[in-house]
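Work through the exercises below with the sequence and the 3D view open. Try each task before you read its solution.

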Amino acid sequence: MKKIAIIGNGVGGLITSSKLAKDLAKEIKSGEVSIMLFDKKTEQEFQPGNLDVAFRGTDPSKMRRPVEKLVYDGVKIIHDNCEKVDLPNRYLKTEGNDEKIDFDYIIISTGSSPDYDQIPGLRDANMDFHTNAYTSSLIYQKILKIKSGRIVVGIGGLPYKCPPSPNESAFMLDEHFRKAGIRDKVEITYITPFTRIYSADSINEVIEPIYKARSIESITAFNTDSVDATKKEITSLEGETIKYDYLFLTPPHKPADFLKNSGFSDEDGWVKTDKRNLHITDYDYGFAIGDTTNIPISKAGVEAHLEGIVVANNIISEIQGTGKRYKFTGRTQCSMETGFHKATFVVGTYDTPVQKIPPSTFNYMEKKVMEKIYWESLHGQYEWLFKYHFKKDYFED
Ligand SMILES: Cc1cc2nc3c(=O)[nH]c(=O)nc-3n(C[C@H](O)[C@H](O)[C@H](O)COP(=O)(O)OP(=O)(O)OC[C@H]3O[C@@H](n4cnc5c(N)ncnc54)[C@H](O)[C@@H]3O)c2cc1C
């Protein structure tokens, strides 16, 4: 029997397990293949929805689904976290079980999460919309009480997931306070370690004029070093100090703790992954997908999705002996809401630079369609639509 272990039941883990279970249904039924999905989390959240929770007051409970409902038939869920992966000897251990669990293939898709320890003072001073839907709802409760003052948003440190999301927070706050009729009393300041408002020049050209038109201040090349919650001050590595009344920064992110010193991760714990075939270093039976890889592209659900399909296809091809091989093209497509029912997209691949896409209501509608089909897509539905949309970037033969 071929045993496939998937670590993490988020976007990447669920989509990969669904694709494997669907295409290997015959082999699973006959006992030739088993798929194990490890994660302590019994509920998943629609993470992009945190923005609506934080800045529009959407009910956070609407952003959750039980994992049981998202998992494809034939996938065995193990509600336990992985604490060790021995790649050379092909076994793993979980926190709640001392036994070694063997595998023939392993896919690591353990995501990323905010790391408050990197910036002294940040934890006490900040409220964020990257931790979960509940922390996001606290932001909305706070902004309802704001009548005046300076709100600082932006990138508190690198890396973090969903590159456009800090910009979206600035646009959504602007929309909120305009609608409340007090925009002239509230200052919105966006800070970033990059030398322009958005790291990719083409997107910067699109959004810089909107920042100016909406009077959103931007402070670039600002590397947050520490925050003083008592004085309400942020200090940069370069020694610059900014005052704030309210702070909603996106914190730097970290990978799952067990990956540090795993033998196959870099010094920060991101898994060393081949950017095309997604093998972990030299192991052709070990793969990493999504936020947890050290591939220097966006940490976003769309990457986790497309990478998962590539990995699943390669494993299916090996098990069924078709001889086909698939590669990831580096495709990204993150939506960036610019407020008032408009959005742009950050679209690029390893070989094509990020495009300049003007904000439109049509783009906003596309983003809303994605929200509608999100849960079903984790369950492996709508692959025909993704294949049609992404064309050769769905995977490269
Ligand atoms: C505010 C916000 C807006 C976003 N907007 C977009 C967007 O518009 N478009 C987009 O493409 N992406 C967006 N994203 C990013 C997207 O949600 C993530 O990049 C995506 O979820 C990454 O998928 P993943 O499978 O790598 O990780 P996740 O989906 O985070 O899943 C990781 C899973 O691993 C589990 N895990 C961790 N450690 C262990 C362990 N030791 N053992 C077992 N399991 C473990 C976790 O419990 C979790 O369930 C957004 C994110 C946020 C926060």
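**Exercise 1: A salt bridge and its setting**

Arginine 331 and aspartate 393 form a salt bridge, with 3.1 Å between the closest N and O atoms. The model is a predicted one.

Task: Find which parts of the chain this pair ties together, and how far apart in sequence they are.

Solution.
- Step 1. Place arginine 331: it sits in the loop between helix H9 (301–320) and S21.
- Step 2. Place aspartate 393: it belongs to the segment after helix H11 (383–390).
- Step 3. Put the two together. Arginine 331 is in the loop between H9 and S21 and aspartate 393 is in the segment after H11, so the pair ties together parts 62 residues apart in sequence.

Task: Decide whether arginine 331 is buried or exposed.

Solution.
- Step 1. Take the cut-off: buried means under 20% relative accessible area.
- Step 2. Arginine 331 has 10% relative accessibility, so it counts as buried.
- Step 3. Check the partner: aspartate 393 is buried as well.
- Step 4. Look at the other neighbours. Leaving out residues up to four places away in sequence, arginine 331 touches several residues, among them Glu303, Leu306, His389 and Phe390. Its side chain also has a polar contact of 2.7 Å with the side chain of glutamine 333.

**Exercise 2: Other salt bridges**

Task: State how many salt bridges a search of the whole structure finds, and describe the one between aspartate 351 and arginine 276.

Solution.
- Step 1. The search gives 27 salt bridges.
- Step 2. The side chains of aspartate 351 and arginine 276 meet at 3.6 Å, N to O.
- Step 3. Aspartate 351 is in the loop between S22 and helix H10 (361–378), and arginine 276 is in the loop between strand S18 (253–254) and strand S19 (279–280), so this pair ties together parts 75 residues apart in sequence.
- Step 4. Compare with the cut-offs: exposed is over 50%, and partly exposed lies between 20% and that value. Aspartate 351 has a relative accessible area of 58%, so it is exposed. Arginine 276 has 22%, so it counts as partly exposed.

Task: Which residues are linked in a network of salt bridges?

Solution.
- The network links Asp52, Arg56, Glu168, Glu175, Lys179, Glu337, Lys367, Lys368 and Glu371.

**Exercise 3: Unusual backbone angles**

Task: Find a cis peptide bond and two residues other than glycine with a positive phi.

Solution.
- Step 1. Recall the background: most residues other than glycine have a negative phi, and most peptide bonds are trans.
- Step 2. The bond from leucine 158 to proline 159 is cis, with omega near -5°. Proline 159 is in the loop between strand S11 (149–155) and helix H7 (165–179).
- Step 3. Lysine 232 has a phi near 55°. Its loop runs between strand S14 (224–228) and strand S15 (233–236). With 35% relative accessibility, lysine 232 is partly exposed.
- Step 4. Histidine 341 has a phi near 60°. Its loop joins strand S21 (332–339) and strand S22 (342–348). At a relative accessible area of 45%, histidine 341 is partly exposed.

**Exercise 4: Helix H7**

Task: Is H7 mostly covered or uncovered, and what span does it reach?

Solution.
- Step 1. Of the 15 residues in H7, 13 are buried, and the helix is mostly covered.
- Step 2. From first C-alpha to last, H7 reaches 21 Å, close to the 21 Å expected at 1.5 Å a residue.
- Step 3. After H7 comes glycine 181, with a positive phi near 80°.

**Exercise 5: Two domains**

Task: Describe how domain 1 and domain 2 meet.

Solution.
- Step 1. The domain assignment gives domain 1 as 2–41 + 79–112 + 255–323 and domain 2 as 115–253.
- Step 2. Their C-alpha centres are 34 Å apart.
- Step 3. Five residues of domain 1 are in contact with six residues of domain 2.
- Step 4. About 450 Å² is buried between the domains, and carbon and sulfur atoms give 62% of it. Ser112, Trp270 and Lys299 supply 75% of the area that domain 1 buries against domain 2.
- Step 5. Between the domains there are zero salt bridges, but two residue pairs are in polar contact.

Technical notes. Residues numbered from 1 in each chain as written. Predicted model: local features only at pLDDT ≥ 70, side-chain atom pairs only at ≥ 80, totals over all residues. Heavy atoms only, no water. Helix = DSSP H or I, 4+ residues; strand = E, 2+ residues; numbered from the N terminus. Buried < 20%, exposed > 50% of the residue type's maximum accessible area, 1.4 Å probe, protein only. Expected span 1.5 Å × (residues − 1). Domains from an automatic or database assignment. Contact = heavy atoms within 4.5 Å. Buried area = accessible area lost by both parts, 1.4 Å probe. Salt bridge = Lys/Arg side-chain N within 4 Å of Asp/Glu carboxyl O. Polar contact = N/O pair within 3.5 Å; in protein donor to acceptor, adjacent residues only side chain to side chain.
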